[in-house]
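Visitor: Please show me the chain, and let us go through it briskly.

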Amino acid sequence: MASEDTAVVFRNGTVVDATGAGPREDWVVVARGGRIDWMGPAADAPEITAPHREIDARGGTVLPGFVDAHVHMTMGGDGMNPAAFLHQPPHYGYYTAIPRLRATLDAGVTSVRDLAGLDLAVVRAVEEGIVAGPRITTAYRALGPTGGHGDFRTCCGFDFGTVLGPGGAVSINTDGAAEALRGTREVMRKGAGVVKVMAGGGVWSPQDTPWHDGLNIEEMTVVVREAAAHGIPVAAHAQSARSIRNALAAGVTSIEHGYEIDAEGIEAMLRDGAFLVPTLATATTPPDPAKSAGYAVEKKLRLQEHLGENISAAVAAGVRVALGTDSGIFPHGRNLHELALLVEHGMTPMGAILAGTREAAELLGVADRVGTLQVGKRADIVVCAGDPLEDITLPGDPANITVVVKDGVVHKDTTAPGRPPATA
Ligand SMILES: [Zn+2]
């Protein structure tokens, strides 16, 4: 197994560092000791005498590893039918997460935020290299009201939330300010790097709809205050205009989905500097009636009616956007398809790349370590074949992500045929 001590040198590529600077042709990037050690024009590149690995990025673009701010690694992305969950053994979800983590890394995503499902066991397994995957910030479990999004008990009492979260649940039913405080402290005790609240109902929850309220403003305010006291951001699942406004009134850090955001919501986001994570990959995928409960199909079709114009209006107004896919509802391993969708909704290709790097890292609170290519940052580096600024659909096909390096370790390299990746 190669270690981060072996230097990795990227040559002949165009570098997009995601600081906001333009592309630089024929730059060299040197990763050493798990960090970016040097970058600059090829003519100035230092000589590397110690044994190291050369990556020929000719014809490609060298970018920071991407950040997906909204995934669910314990969910499959292939429809969700509660009946199929009845016979799933407890804790099975830990094992199904393993190939999904690998697929996400192979897609060029080196950091993710799991917004309910994963727990510290997985975070640690990835950190220790037991399984390959992106670095993880986890919400552990979401806080939502009894009978709301997150309460996955069907009318007969079967709780398929126990399948969506392999640790035994995907959310904590939370009613009233005292439970909101306890729930916030409980998820933080379990290592949450973000607190997830359900500000409204959802597509996949059996008893509510996106147009129902979730936690009320008072409950969410308690969560925001307690999380902020620990330096932890709050992500709000909110699809209806009203739930978006409620979440912003409570002071959340990000609106997840935001499909029905209206002028008032946009104004509040601009005022507070809140992030929108529009999860377009999931939103624009038609529901599959063969694999999904009927109630979910109906809700999703209604949500899709106006989301294009609403998200485009938020982008046009200058709302801060971070890339997130809701992979787990959307299939894993095609995360960077989201870039093309962001451009379809009004972002420039560079804007979309920043949303998936610097901006998402900012939202996760990891911008001091990852999200841009800068000397001193962790060596999370990917190579995309071709020029994504010219064709933003390129990164969406994992076959075009030819190299993935995380923490200075090569996880994928298809530029050197026959040479295996440095780690399993
Ligand atoms: Zn989600």
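Guide: Buried means under 20% relative accessible area, exposed over 50%, partly exposed in between (1.4 Å probe, protein chains only). This is a predicted model: local features need pLDDT of at least 70, side-chain atom pairs count only at pLDDT 80 or more, and totals for chains, interfaces and linings use all residues. Residues are numbered from 1 along each chain as its sequence is written, and side-chain values use heavy atoms, leaving out hydrogens and water.

Visitor: What percentage of the 424 residues in the chain is buried?

Guide: The count covers the 424 residues of the chain. Buried residues come to 58%.

Visitor: What is the radius of gyration of the chain?

Guide: The chain has 14 helices and 18 strands (DSSP runs: H or I of at least four residues, E of at least two, numbered from the N terminus). The globule rule (2.2 Å times the number of residues to the power 0.38, with the radius taken over C-alpha atoms) gives 22 Å for 424 residues. The chain's value is close to that, so the chain is as compact as a globular protein of that length: 21 Å.

Visitor: Is Glu25 buried or exposed?

Guide: Glu25 sits in strand S2, residues 24–32. Its relative accessible area is 68%, so Glu25 is exposed.

Visitor: How far apart are the C-alpha atoms of Gly365 and Thr137?

Guide: Gly365 lies in the loop between helix H14 (358–364) and strand S16 (381–385). Gly365 is partly exposed, at 48% relative accessible area. Gly365 and Thr137 are 228 residues apart along the chain, yet their C-alpha atoms are separated by 9.4 Å.
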